[in-house]
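Work through the following exercises with the sequence and the model at hand, and try each task before you read its solution.

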Amino acid sequence: MSADEPVLELESMDKHFKTTSSFVETVKETVFGEGPKLVRAVDDLDMTLEQNQVQGVIGESGCGKTTLLRTVMGLYDPTGGDIRFQGQSTSEFGKADWKEFRRKVQIVFQDPFNSLDPKFSVRRTIAEPLEIHDIDYDRSDIEEMLEKVGLTPASQYIQQFPNQLSGGEKQRVAIARALVTDPEVILADEPSSMLDVSTQAEILNLLNGLTSEFGVSMIYISHDLSTVSYICDEINVMYLGRIVEKAETRELLSDPKHPYTKALIQSIPIPDPHHDRERATIGGEPGDPIDMPEGCRFKTRCPERMDVCDHTPRDVDPDGEGERSVACHLYYDHEATTGDAEEPVEEHTPETPT
Amino acid sequence: MSIADKVHAYRNSDLAIIARRALENLLEERITRVAFVILAIILLMGLIGPAIAPYSYNTQQTTDDGDLMRYAEPSLEHPLGTNDRGEDVLSRLLYGARATLITGLLAGGLMMTIGLTVGMTAGYVGGRTESFLMRFVDFMYGIPFIPFAIVLITFFGAGFYTTVAILGLVLWRFIARVIRSQVLQINQRPYIMAARATGASTPWIMRKHILPNIANMAALFFAMGVGLAILEQAGLSFIGVTDPFTPTWGIMIRNANQAGRIAEAWWWTFPPGIMIALTVLSLYLLGRGYEGSSDDEVVV
């Protein structure tokens, strides 16, 4: 693998869930010729994870972040599109490829209280991936790993069980478990959201340090913009299954383009009661992912609502520098397409930045 | 090799720690401890009972004059008196402990084996297999036990082990249901997903994650299965469809009933009745203790 080849690429990846559950509904759908209603949890999503890069994904609860992660992990089959790991599509994976993939891509779950088997001691929890992949190890390897995630003295922790550990310690064990097989990619599913704030900072620092130490790339998803901006090189803002804006962390924070991103950044709490702040301009709740409106998914809450929003916006580069993209009608010239308003904008037309 | 040995030793200690902790949790409450001690005593009775019994269970006792000692009241010589045929009740009780426990443990073991296999397969495999297995369990639930047992015994003959087999082959149904629900529940836990994401195979997950996590529940339901088997065996004995020559506690009560002396010869009927009640009660108290010490609900 060449050094500049991306580790992981998602190309217009979809994950839809059928809502049909009962036999009667299935019959009804067949008789009336309707397709089953779909939950478009992840829709037409592109992402490229370079080596040693930390990509952040941020969005409200229910916007499809976790589905995205689980689909990448291969726990769900993608409905459409392509996932490429080190240049090879996962749809072409054989059994051996999958095993290799499982070794090289590790996941850290949101809830440390449930992601460790209560019947496994710390030693066995960390050794399990090694045993599954037939990698030789001995006790000192595991102690070394424990020390790296800051659980010292390791000899004291090694024989403990999850119920003897605090939330932060559990999450450290989960991180050690993820790193022990020397992976290429770590998928982190809000690893700090269940912890209190001081522990959150420690875990974030740890992840930050370890990803550079081990040379691991990471996809970090969260609903908390402050943690994402702390750890990520690039941020993807997700809204109802789609990425609405993607930019380098500092750029996104200082100069958000998409109305949704703006609202998100305005809503970061500032710990000063006298601070006079602009109120977030959006209200309401995220739409229903089953009966999605046509066009832009954010239009029902958008303060900048225009007629053209009934069409699906393209990803455009607002600055023309090729560094960031935003899916909003505000940032490109509609002359070319609005001439005929009846014709919906094709979703995959090549973009023409103004 | 030494590394493998070491690894093995650690795993053993892991297991030891888990087992010790489970027992400690269970024995937190006093009433559970009492039940535990009673069960230990009963188990001991079953082990060494026949050895310490003063007489053989079917020797007919005679007085010094050579008369048959029928319905003798408790005395120093016969602490629990004698029965209608002049047999020593205490000796029969001690011999009966072994027969009763063998019934309970064998039938319980059989129930556990079938129940665990069916429950785990249904819970983990899911789909059509699950539907088929669980409808079969429903069908088993539909069978009224005592009449069904009578029919089977008229077919196969009233042997001691026939009864054990019938108990085991019918009563596993509740274990299958509970184990299935446990497997379904544990299967949804994030640590199973974590193991799967690391590349663990299905047999690996079953063996290393699901089985250890339902082990407590399985052990408990084994205990309750033993209790149920003892109770049902006593019932079958009482209506006279088991081997009448093996002196289980149920048979002792039946004999007293047949002799029409249940009320008068209290020393004959009380001890086996109390023993059955104590055994079953203690086993169920163990279940209650488990329910108190964990968040799992024991539903029978």
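**Exercise 1.** Find how much surface chain A exposes, and what share of it carbon and sulfur atoms supply.

Solution. In this predicted model, chain A exposes about 16,500 Å², an area computed by the Shrake-Rupley method with a 1.4 Å probe. Carbon and sulfur atoms supply 46% of that area. Turning from surface to interior, 50% of the 354 residues in chain A are buried, where buried means under 20% relative accessible area (1.4 Å probe, protein chains only).

Residues are numbered from 1 along each chain as its sequence is written, and chains are lettered from A in the order in which they are written. Local features need pLDDT of at least 70 and side-chain atom pairs 80 or more, whereas totals for chains use all residues, and hydrogens and water are left out of side-chain values.

**Exercise 2.** Determine the strand order of the seven-stranded open sheet in chain A, and identify its edges.

Solution. The order is β6-β7-β8-β3-β9-β10-β11, with mixed pairing; strands are DSSP runs of E of at least two residues, and two of them pair if DSSP finds at least two bridges between them. The edge strands of chain A are β6 (105–108) and β11 (325–326), each of which pairs on one side only. Within the sheet, β7 (residues 185–189) and β8 (residues 217–222) of chain A run parallel and are joined by five bridges, and A188(A) has Y220(A) as its bridge partner in β8(A).

Notes
Helices (H or I, at least four residues) and strands (E, at least two) are DSSP runs, numbered from the N terminus.
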